[in-house]
Amino acid sequence: YDQPISELDLRSIELAENFDRKSMSYAEEVALLAEIDSLQTQIHGVKILRTSDAPGWSQADTAKLLSKSPSTVAKDLKLAKAIQSHPELQLDKCKNKAEAFKRLKNVGKVLLNEANAKAYSSTISDGVIKKLSASYIIGDCFDTMAKLPSNSLDFIEIDPPYAIDLHHVKKDNDCVGYNEIPAKEYSEFMLKLFNESYRILREGSWLICWFAADPWFETIAKHLKSSGFKMNLIPGIWAKPSGQTAAPETYLGNAYEMFFYCRKGKAKLNKPGRTNIFSFSPVPHTTKYHPTQRPLPLMEEIYSTFTHPGANGFIPFAGSGVGLIAGHNKKINMIGTDLTPQYKDGYILQLKEVLDGNS
């Protein structure tokens, strides 16, 4: 007689049928494949021997069931596991599966940095390194700003997400963990940030804000002025030796980035008469641990132009943490916040290199 079909069998059959009938995103597809593989393993047990007639279930059997190659199934199962276990990597936000696989290659580096940073943190005895490590706060910048008294800071450097979908703009897939702001929320977000920045800055202080000229030049300038800052529309320029463009047949290579510099009250430059051009080479791609990491000498020059030793400053989007190191080198008391723990891991390991280099 025929044996009754179990609930697991029925569920597996239903899922397998959905695989062919349902229009899915790649994230849904690999999740469905993983669920089918898991159900079949629960039904048949894990295959120990590699022969086709051996009892149990294997990835090769899943591949045969779904008419896929074993290598494709193996990659899809790995991606499904990574999406579920590391949501902060935003693998499901990639535009296609190929891009997700490229980003997945960075996961090993991320986890290694995390392990190395934890191991190093447990051995830190140097007071300066401990202080610099503590100055990088994991959390929302608005939570930290809310705790700061009004009129208490001398300097703020804002290097926010540009709301240009950096995950897709950058083709090197080094944006793992990068928190973008949706374009439709960007204007309101930046206005809130500038208003709060104006509150915590004291009279005679400076704020600089990096921005994407296209499409945010007018929006950023308008919000800075409406928050109370004084400024002109000629920005500071970070000039690079060479440029980049995703469409070389249509656009010239972009070899600069811009920041507005704004003052609260009657602020004066620490380097009167300096030009608005800051010429520095970017950080080599092979040594970056943050997708928008800027060179330390550039940040030291910018900081020493706008503020002075002994000043108190804040970096709402600490990112690579290079600004915190630049502040320390220029005797400026800086704290910073960021949402992504893995960037602090890279920063802590950078502190290790700085400490070793000075020993």
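# Close-up views of a predicted model

**View A. The second largest pocket has a volume of about 470 Å³, a volume being the space filled by probe spheres set on grid points that are joined across faces, edges and corners.** The model is predicted, with local features needing pLDDT of at least 70 and side-chain atom pairs counting only at pLDDT 80 or more, while totals for chains, interfaces and linings use all residues. Residues are numbered from 1 along each chain as its sequence is written, and side-chain values use heavy atoms, with hydrogens and water left out. The lining of the second largest pocket comprises 31 residues, and those that lie nearest its centre are Asp159, Phe317, Ala318, Gly319 and Asp338. A pocket is an open set of points on a 1 Å grid over the protein atoms alone, where a 1.4 Å probe fits, with protein on both sides within 12 Å along at least five of seven lines; lining residues have an atom within 4 Å of a point. Two or more lining residues come from each of α8 (141-147), α13 and β8 (333-338); helices (H or I, at least four residues) and strands (E, at least two) are DSSP runs, numbered from the N terminus. By residue class, the lining of this pocket divides into 15 nonpolar, 10 polar and 6 charged, where Ala, Val, Leu, Ile, Met, Phe, Trp, Tyr, Cys and Pro count as nonpolar, Asp, Glu, Lys and Arg as charged, and the others, Gly among them, as polar.

**View B. Helix α13 (residues 322-329) has 6 of its 8 residues buried, so this helix is largely enclosed by the rest of the structure.** Buried means under 20% relative accessible area, exposed over 50%, and partly exposed in between (1.4 Å probe, protein chains only). The buried positions of α13 are Val322, Gly323, Leu324, Ile325, Ala326 and Gly327. After α13 comes Lys331, whose phi is positive, near 60°.

**View C. Arg294 is set in the loop that runs between β6 (277-279) and α12 (296-306).** With a relative accessibility of 5%, Arg294 counts as buried. Once its neighbours within four places in sequence are left aside, the contacts of Arg294 (heavy atoms within 4.5 Å) are Asp159, Tyr162, Trp210, Trp238, Glu257, Val283, Met299 and Val322. Of these partners, Asp159 also lies among the residues nearest the centre of the second largest pocket, and Val322 is one of the buried residues of α13. Helix α12, which follows the loop of Arg294, is mostly covered, with 9 of its 11 residues buried: Leu298, Met299, Glu300, Glu301, Ile302, Tyr303, Ser304, Thr305 and Phe306.

**View D. Helix α2 (residues 26-44) packs against helix α4 (residues 70-85) at an angle of about 105°, their axes being 8 Å apart.** Because angles of 65 to 115 degrees count as roughly perpendicular (under 35 as roughly parallel, over 145 as roughly antiparallel, the rest as oblique), α2 is roughly perpendicular to α4. The axes are lines fitted to C-alpha atoms, for helices over the stretch in contact, and angles run from 0 to 180 degrees between N-to-C directions. On the α2 side of this contact are Tyr26, Ala27, Glu29, Val30, Ala31, Leu33, Ala34 and Asp37, which meet Val73, Asp76, Leu77, Leu79, Ala80 and Ile83 in α4. The residues of this contact divide into 11 nonpolar, no polar and 3 charged. Ile36 also has its place in α2, and at 0% relative accessibility Ile36 counts as buried. From C-alpha to C-alpha, Ile36 and Leu66 are 9.5 Å apart in space, although 30 residues apart in sequence.

**View E. Ser197 in helix α10 (residues 183-200) and Ala221 in helix α11 (residues 213-226) are shown with their partners.** Ser197, at 0% relative accessibility, counts as buried, and beyond its neighbours within four places in sequence Ser197 is in contact with Met145, Ile156, Ile158, Leu207 and Phe229. Ala221 counts as buried at 5% relative accessibility, and Ala221 touches Met231, Leu233 and Phe260 when residues up to four places away in sequence are not counted. Helix α11 also holds Pro215, which is joined to Asp214 by a cis peptide bond with omega about 20°.

**View F. Ser67 and Asn151 each have a positive phi although neither is a glycine.** Most residues other than glycine have a negative phi, and most peptide bonds are trans. Ser67, with a phi of about 60°, lies in the loop between α3 (59-65) and α4 and is exposed, its relative accessible area being 68%. Asn151, with a phi of about 55°, lies in the loop between α8 and β2 (153-158) and counts as partly exposed at 44% relative accessibility.
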